[in-house]
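Open the model in your viewer and keep the sequence panel beside it. The stops below each begin with a selection to make, followed by a description of what is found there.

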Amino acid sequence: MFGYEPDVILPLIFAGLMGISILVYVILDGFDLGIGILSVFGTDDEKDTMIASIGPFWDANETWLVLSIGLLLVAFPIAHGIILTALYLPVFVLLVGLVLRGIAFDFRSKVSAQSKWMWNLLFFIGSVMSSLSQGYMLGIYVLGLDLSWASAGFAALVGLCLAASYGAVGAAWLIYKTEGQLQEKAVIWMRMCLLLTAAGMAMISIATPFASARIFDKWFTTPEIYLLAPLPLLTGAVFAGLWFLTAKLPRPDDSYALVPFLAMATIFTLGFAGLAYSFYPYIVPDQLTIYEAASAPESLMIILVGTAIVLPTIGGYTILAYRIFRGKATELKYD
């Protein structure tokens, strides 16, 4: 399968680029979606601090979603049609949720104190809608785009667990970016969300091999089982380490405040690696490989030139924004 022919190497490159874009989006937009979900538990002043902690980043974070969908459309147009046709309704819910978040984010600071609660509520609702719809789509994808009622029920559970995992990474971000009572609350929120996150990853791990005989063989035959085994073992170790660490946070000198966020990013990366290992070379589970779905090599070469410009630009902007606005969140101002 591997080789240096353009019709082999180019689909592999674009699948890798799309996978990186999705993973970066899940980690970065995951924490600001999680803060939107957790905002309902904060006081009015705490909500302002929570919003301030994501203010410089949230719109840049969503750029990675646009990039990943754009790569799917131009590099794998057949798969784009099949996947988005099957997931039309949850995609619609996702877009409505993201629009609600964007509107509420700006309007809550411009309106009177009496109506601010409504925009806070819409920010929470938009965050929940976006998170649940993403989890629902993941659940349906894992089950091979099966749209039966049983699959819908499983996908709904995955949606709840993904929302909880976004809550966990959002709380981890707050542990790093805030101080005092809000930081202490964030530790409690994170420990609660971690349990549902672990449950969600366990459900997907159990369902994935039974959704496909090909994946079952890939997981439970030798020597493939030895290639996969490090992923669940490492994931379990990171979960356990994070659970014990958060029992001792926050510390008076604020040491280890960034570790929970890095640990959550590691958990997401390991989970994503497991999915990529399981579904490769298919982009539509057990229906269409990345090689069958790819655009013509000549088209991919032209797209690759554009991607070589766009991807470093987005990456550089993201790194610059996080470097400039590093440190604790400051008072929320829009002027």
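A residue is called buried when its relative accessible area is under 20%, exposed when that area is over 50%, and partly exposed in between. The model on screen is a predicted one, and the tour begins in a loop where that definition is needed.

Select Asp 254, which sits in the loop between α11 (230-246) and α12. Is Asp 254 buried, partly exposed or exposed? Its relative accessibility is 25%, so Asp 254 counts as partly exposed. While this residue is selected, look at its backbone as well, since Asp 254 has a positive phi of about 65° although it is not a glycine.

Go next to Asp 286, in the loop between β1 and β2 (288-289). Here too phi is positive in a residue other than glycine, with a value near 55°. Asp 286 has a relative accessible area of 39% and is therefore partly exposed.

Two peptide bonds deserve a stop of their own. Select Thr 222 and Pro 223, and the bond from the one to the other is cis, with omega near 5°; Pro 223 belongs to the loop between α9 (213-220) and α10 (224-228). Then select Tyr 280 and Pro 281, which are likewise joined by a cis peptide bond, with omega about 5°. Pro 281 is in the loop between α12 and β1 (282-284).

Now select helix α12, residues 259-279. Its 21 residues should span 30 Å at 1.5 Å a residue, and because its end C-alpha atoms are 30 Å apart, the expected and modelled spans agree. Colouring by accessibility will pick out the buried residues of α12, among them Pro 260, Phe 261, Met 264, Ala 265, Phe 268, Gly 274 and Phe 279.

Keep α12 shown and add helix α1, residues 6-38. The two helices pack at an angle of about 145°, with their axes 10 Å apart, and their crossing is right-handed. Which residues make the contact? From α1 they are Gly 19, Ile 22, Leu 23, Val 26, Ile 27 and Phe 31, and from α12 they are Phe 261, Ala 265, Phe 268, Thr 269 and Phe 272. Sorted by type, the residues of this contact comprise nine nonpolar, two polar and no charged. When tracing them along each helix, it helps to recall that an α-helix has 3.6 residues a turn, so residues three or four places apart point the same way.

Move on to helix α3, residues 58-75. For its 18 residues, 1.5 Å a residue gives an expected span of 26 Å, and the end C-alpha atoms are 27 Å apart, which agrees. Its buried residues include Trp 58, Asn 61, Glu 62, Trp 64, Leu 65, Ser 68, Leu 72 and Ala 75. Leu 73, also in α3, is partly exposed, because its relative accessible area is 44%. Add Ala 294 to the selection of Leu 73: the two are 221 residues apart along the chain, yet their C-alpha atoms are separated by 9.9 Å.

Finish with the spans that an unreviewed UniProt entry lists under "transmembrane region", including residues 12-42, 89-107, 119-143, 225-245 and 300-325. Select residues 119-143, where the end C-alpha atoms lie 36 Å apart and the span is 96% helix and 0% strand. Then select residues 225-245, whose end C-alpha atoms lie 30 Å apart, in a span that is 95% helix and 0% strand.

Terms used: Residues numbered from 1 in each chain as written. Predicted model: local features only at pLDDT ≥ 70, side-chain atom pairs only at ≥ 80, totals over all residues. Heavy atoms only, no water. UniProt positions renumbered as here; feature names shortened; annotations may be inferred. Helix = DSSP H or I, 4+ residues; strand = E, 2+ residues; numbered from the N terminus. Axes fitted to C-alpha atoms, helices over the stretch in contact; angles between N-to-C directions. Left-handed = near helix turned anticlockwise from the far one by under 90°. Contact = heavy atoms within 4.5 Å. Nonpolar A, V, L, I, M, F, W, Y, C, P; charged D, E, K, R; others polar. Buried < 20%, exposed > 50% of the residue type's maximum accessible area, 1.4 Å probe, protein only. Expected span 1.5 Å × (residues − 1).
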